[in-house]
Amino acid sequence: MTDQPTSAQWYDNDAGPLVRPYAMTGGRTRPGPTGVRFDLIALVTLDPGASGAEDDHALGPEHRALIDLCRIETQSVAELSAGTDLPVGVVRVLLGDLLETGRVTVSRPVPPAHLPDERILREVIEGLRAL
């Protein structure tokens, strides 16, 4: 049996910085005491009345990263997760914190039952084409 070369082994420094998700959320798995759920396509906007609140020392670096992304433009929960390179579950918990402190607003997606009927939309398109 031959020994594996030691250069193929990983050491702590080679793995890079690692912070467990439960450390970022304080061990929480649900956003806020109200148990708000964020859909992946829910839109998150920075609350205009909360300007300057991002300097609060109670915010962690992950909270600030979410605020910075929302400052650029409205983002979905999925986009925020990708933009911060954080798991969606962590982003939901952090957004719950920001929502409770009034730093962001969340627009819920429209349920499919409230969307216009496809038949009506087709009739509108046909009517526009007839013009």
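# A walk around helix H5

Val77, Leu80, Ser81 and Thr84 of helix H4 meet Val88, Val91, Arg92 and Leu95 of helix H5. Sorted by class, the residues of this contact are five nonpolar, two polar and one charged. The axes of H4 and H5 come within 9 Å and cross at roughly 110 degrees, which makes H4 roughly perpendicular to H5. That meeting of two helices is a good place to begin, and the rest of the tour grows out from there.

A word on the whole before going on. What you have in front of you is a predicted model. Its secondary structure comes to six helices and three strands, and from the N terminus on these elements run α-α-β-α-β-α-α-β-α. Of the 131 residues in the protein, 27% are buried. If you take the contacts between residues at least 6 apart in sequence, 74% of them join residues at least 24 apart.

Now back to H4, which spans residues 77–84. Which of its residues are buried? They are Val77, Leu80, Ser81 and Thr84. Why do these four belong together? They cover an arc of only 100 degrees around the axis, so they lie on the same side of H4. A general point about helices helps here: an α-helix has 3.6 residues a turn, so residues three or four places apart point the same way. On the other side of H4 you will find Ala82 and Gly83, which are exposed. The buried residues of H4 are covered by several elements, including strand S1 (43–46), helix H3 (61–72), strand S2 (75–76) and helix H5 (88–100).

Follow the chain out of H4 and you come to aspartate 85, in the loop between H4 and H5. Its phi is near 60 degrees, a positive value in a residue other than glycine. That is worth a pause, because most residues other than glycine have a negative phi. Is aspartate 85 buried or exposed? With a relative accessibility of 69%, aspartate 85 counts as exposed.

Next along the chain is H5 itself. Helix H5 has 13 residues and reaches 18 Å from its first C-alpha to its last, close to the 18 Å expected at 1.5 Å a residue. Its buried residues are Val90, Val91, Arg92, Val93, Leu94, Leu95, Gly96, Asp97 and Leu98. Beyond the end of H5 comes glycine 102, with a positive phi near 80 degrees.

H5 also meets helix H3, so let us turn to that helix, where the buried residues are Glu62, His63, Leu66, Ile67, Leu69 and Cys70. They cover an arc of only 160 degrees around the axis, and therefore sit on the same side of H3. Pro61 and Ile72, on the other side of H3, are exposed. In length, H3 has twelve residues and reaches 17 Å from its first C-alpha to its last, close to the 16 Å expected at 1.5 Å a residue.

How do H3 and H5 come together? Their axes come within 10 Å and cross at roughly 80 degrees, which makes H3 roughly perpendicular to H5. In this contact, Glu62, His63, Leu66 and Ile67 of H3 meet Val91, Leu94, Leu95, Asp97 and Leu98 of H5. By class there are six nonpolar, one polar and two charged residues.

One of the residues in that contact, aspartate 97, deserves a closer look. Aspartate 97 lies in helix H5 and has a relative accessible area of 16%; because buried means under 20%, aspartate 97 counts as buried. Leaving aside neighbours within four places in sequence, aspartate 97 is in contact with Arg28 and His63.

The last stop is phenylalanine 38, in the loop between helix H2 (21–24) and S1. Phenylalanine 38 is buried, with a relative accessible area of 1%. Which residues does phenylalanine 38 touch, not counting those up to four places away in sequence? They are Pro31, Val77, Arg92, Leu95, Gly96, Leu99 and Val106. Of these, Val77 is also among the buried residues of H4, while Arg92, Leu95 and Gly96 are among the buried residues of H5. Valine 106 is 68 residues away from phenylalanine 38 along the chain, yet the C-alpha atoms of the two are separated by 8.4 Å. And with Val77, Arg92 and Leu95, the tour returns to the contact of H4 with H5 where it began.

Methods. Residues are numbered from 1 along each chain as its sequence is written. This is a predicted model: local features need pLDDT of at least 70, side-chain atom pairs count only at pLDDT 80 or more; totals for chains, interfaces and linings use all residues. Side-chain values use heavy atoms; hydrogens and water are left out. Buried means under 20% relative accessible area, exposed over 50%, partly exposed in between (1.4 Å probe, protein chains only). The arc is that of the directions from the helix axis to the C-beta atoms. Contact means heavy atoms within 4.5 Å. Axes are lines fitted to C-alpha atoms, for helices over the stretch in contact, and angles run from 0 to 180 degrees between N-to-C directions. Angles under 35 degrees count as roughly parallel, over 145 as roughly antiparallel, 65 to 115 as roughly perpendicular and the rest as oblique. Ala, Val, Leu, Ile, Met, Phe, Trp, Tyr, Cys and Pro count as nonpolar, Asp, Glu, Lys and Arg as charged, and the others, Gly among them, as polar. The expected span of a helix is 1.5 Å times one less than its number of residues.
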